[in-house]
Structures are given as structure tokens and as C-alpha cells.
Amino acid sequence: ISWVYQALILGLRDYFSKNGFQKMLLGLSGGVDSALVACLAVEALGRENVLGVSMPSRYSPGHSRDDAKQLADNLEIEYRVLPIEELFASYIKLMNGKEEVVGDLAEENIQARVRGNLLMFISNREDRILINTSNKSESAMGYSTLYGDMCGSLSPISDIPKTMVYQLCDYINRDGEVIPVNTLTKPPSAELRPNQKDQDSLPDYPVLDAIIKMYLEEKLTVSEMVLRGYEKELVLRIVSSIDRTDRKSVV
């Protein structure tokens with residue numbers, strides 16, 4: 001895992017140096033993916049060139065805000081908090097004609113798009129390169145928002161499955177707590193609706209990652225994956241989601 005860690009740092013550092021960039025920013029949600037990317041950025045670019053931005057909404061629990069702040073303090077990076085509640089409420093009132101939420105996908109996605117806009121505003125104004133924090137598992141399943149959390153000039157962990165994200169975070173914490181323990185132990189969540197958890201929409205990550213690997217890297221058929229002991233309906237669901245998600249990668 002140390003080789004993967006060093007390769008990610010090298011790729012991030014090369015991207016910035018070869019393109020003449022120096023400063024970067026990323027959204028810090030308090031989750032594991034943004035925590036990993038922030039750590040990689042500090043190693044690749046130096047803490048003085050990294051800005052983390054927390055953008056809490058009504059659905060952001062206090063522990064996520066605390067975890068984001070603790071990570072920024074541990075890394076000694078610049079940290080800002082830009083609450084999106086007023087912007088989100090304005091969208092709700094405009095589109096719903098009232099202040100009450102409907103609770104549909106459109107409302108979930110607009111939160112991600114508000115955050116993407118804020119990050120791009122900072123990027124343009126301060127000449128910072130926005131870095132994306134999406135991992136391979138979520139991207140393959142389309143568990144991401146166009147023009148929202150997909151914003152960014154580079155996605156350094158887009159080929160890293162979620163299970164490996166945790167392995168990399170454990171490696172970073174090998175000599176002491178850099179990434180808050182709560183970030184690593186709490187159930188992952190997009191925090192776009194009340195009490196949302198990734199596993200409400202996705203299979204357990206060890207199973208999901210295994211099927212993604214078999215389908216995308218080993219090029220196995222559904223029948224071959226079933227012969228390896230995976231449920232046919234689950235395999236078909238994941239394969240279908242991966243195929244439907246192709247449209248996002250070409251936009």
C-alpha cells in the first residue's frame with residue numbers, strides 16, 4: 001500500500017509542476033475520501049499550498065464538521081467554512097414554491113452543485129486548482145453529481161476503490177492520528193438527506209469493489225462472476241449501473 005501512496009503523491013505533484021500550477025483547493029466534508037486527498041495534497045504540494053473548504057448544510061451532522069476541522073488542524077492547512085444553507089433554501093423556495101422540501105434526487109443534487117459552484121468561484125478568484133475527491137467505487141456506480149462533486153481539474157483517487165481508500169488512510173495513520181479516527185469508523189455518507197448512508201444505495205463496499213474489479217479489470221462475464229460465488233441479481237444490478245454511468249464520463 002505504501003507504493004500506491006507514493007504513486008498517488010507523484011502523480012499529483014507531477015500534474016501541478018508540469019502544468020505550472022502551485023496552489024490547490026478541495027472540499028472537506030469530514031469524510032474519508034476528502035481526508036485522503038487532503039493528505040496526498042499536503043505531501044505533494046506542501047501544506048502552505050492547500051486550502052480545505054467545509055460547506056455544511058442542514059443535513060451535515062456536527063461530527064462531520066468537527067472531523068473536517070480536526071483534519072485541517074492536524075495537517076496545518078488553511079481552512080474555511082462556507083455554509084450552504086441559505087443558498088439551498090433559496091433553491092427550494094424558487095423551485096418548490098414553498099420552503100418545504102420534497103426530498104427527491106433533484107434536491108440532493110443541487111446541494112452538490114451549490115458546493116461545486118462555490119469551489120469553482122474560489123478557484124477562479126484565487127488562482128487555485130480544484131481537486132476532485134471521488135473514488136472509483138462511487139464513480140463506477142454513478143454515485144456522484146454532474147457539475148457538483150464531479151467538479152475538479154484532477155481526480156487523484158478516481159482509480160482507487162473505496163476499500164483501498166481505507167487502507168491508504170490506515171497507512172497515513174500508521175505513526176499517529178492524522179486522519180480523525182471518527183472519519184474512519186463512521187458509516188460513509190453523502191449527507192444530502194436526513195440520516196443518509198452510502199449503503200442505502202450501494203452494496204457493501206468489499207462486495208461492490210470485488211465485482212467492479214472483475215467486470216472492469218478482469219473483463220469477466222456475469223456468468224463467470226456468479227460462478228465465483230456472487231448473487232446473480234446483485235451482479236446484474238452493479239453491471240447495469242456501471243454501464244449506465246458511462247454517459248457521465250464523456251460529458
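This passage walks through the cores, helix packing and a few individual residues of a predicted model.

The natural place to start is the inside of the protein. The largest nonpolar core has 38 residues, and the members that touch the most other members are Met 24, Leu 28, Leu 36, Leu 40, Leu 71 and Ile 179. Several elements chip in with at least two residues each: the helices α1 (2-19), α2 (32-45), α3 (62-75) and α7 (162-172), along with strand β1 (24-27). The biggest giver is α2, which puts 11 residues into this core. Leu 40 offers a handy view of how things fit together there. Once its neighbours within four places in sequence are set aside, Leu 40 is in contact with Tyr 5, Leu 8, Ile 9, Leu 12 and Ile 157. There is also a second core, separate from the big one, made of 16 residues, with Leu 202, Ile 212, Ile 238 and Val 239 among them.

Next comes helix packing, with α7 as the common partner. Two packed helices are described by the angle between their axes and the distance between the axes. For α2 and α7, the axes come within 10 Å and cross at roughly 50°. An angle between 35 and 65 degrees falls in the oblique class, so α2 and α7 count as oblique to each other. The crossing of α2 past α7 is left-handed. On the α2 side, the residues involved are Val 32, Asp 33, Leu 36 and Cys 39, and they meet Lys 162, Val 165, Tyr 166, Leu 168, Cys 169 and Ile 172 of α7. Sorted by class, this contact has 8 nonpolar residues, 2 charged ones and no polar ones. Leu 36 thus turns up twice, in the contact with α7 and among the best-connected members of the largest core.

The pairing of α1 with α7 has another geometry. Here the axes are 10 Å apart and the packing angle is about 90°, so α1 and α7 are roughly perpendicular to each other. From α1, Ser 2, Val 4, Tyr 5 and Leu 8 meet Met 164, Leu 168, Tyr 171 and Ile 172 in α7. This contact has 7 nonpolar residues, 1 polar residue and no charged residues. Tyr 5 and Leu 8 are also on the contact list of Leu 40, while Leu 168 and Ile 172 meet residues of α2 as well as residues of α1.

As for α7 itself, its buried residues are Lys 162, Val 165, Tyr 166, Leu 168, Cys 169, Tyr 171 and Ile 172. Together these buried residues pack against α1, α2, α6 (136-140), α8 (181-185) and α9 (205-217). Helix α8 contains Thr 185, which counts as exposed because its relative accessibility is 56%. The C-alpha atom of Thr 185 sits 9.8 Å from that of Tyr 166, a residue 19 places away along the chain.

In strand β1, Gly 27 is worth a look. With a relative accessible area of 17%, Gly 27 is buried, the cut-off being under 20%. Beyond its neighbours within four places in sequence, Gly 27 is in contact with Ser 34, Val 53, Met 55, Leu 119 and Thr 133. Gly 116 lies 89 residues from Gly 27 in sequence, yet the two C-alpha atoms are 8.7 Å apart in space.

Two loop residues have unusual backbone angles. Most residues other than glycine have a negative phi. Glu 76, in the loop between α3 and β3 (78-81), has a positive phi near 60°. Asp 127, which is not a glycine either, has a positive phi of about 55° and is found in the loop between α5 (105-126) and β4 (129-130). Both count as exposed, Glu 76 at 56% relative accessibility and Asp 127 at 65%.

The last stop is Arg 228, in the loop between α10 (222-227) and α11 (232-249). Its relative accessible area of 48% makes Arg 228 partly exposed. Not counting residues up to four places away in sequence, Arg 228 touches Met 214, Glu 218 and Leu 220. Its C-alpha atom is separated by 39 Å from that of Ser 60, which is 168 residues away along the chain.

Methods
Residues are numbered from 1 along each chain as its sequence is written. This is a predicted model: local features need pLDDT of at least 70, side-chain atom pairs count only at pLDDT 80 or more; totals for chains, interfaces and linings use all residues. Side-chain values use heavy atoms; hydrogens and water are left out. A nonpolar core is a set of buried Ala, Val, Leu, Ile, Met, Phe, Trp, Tyr and Cys residues joined through side-chain atoms within 4.5 Å. Buried means under 20% relative accessible area, exposed over 50%, partly exposed in between (1.4 Å probe, protein chains only). Helices (H or I, at least four residues) and strands (E, at least two) are DSSP runs, numbered from the N terminus. Contact means heavy atoms within 4.5 Å. Axes are lines fitted to C-alpha atoms, for helices over the stretch in contact, and angles run from 0 to 180 degrees between N-to-C directions. Angles under 35 degrees count as roughly parallel, over 145 as roughly antiparallel, 65 to 115 as roughly perpendicular and the rest as oblique. A crossing is left-handed if the near helix is turned anticlockwise from the far one by less than a right angle, and right-handed if clockwise. Ala, Val, Leu, Ile, Met, Phe, Trp, Tyr, Cys and Pro count as nonpolar, Asp, Glu, Lys and Arg as charged, and the others, Gly among them, as polar.
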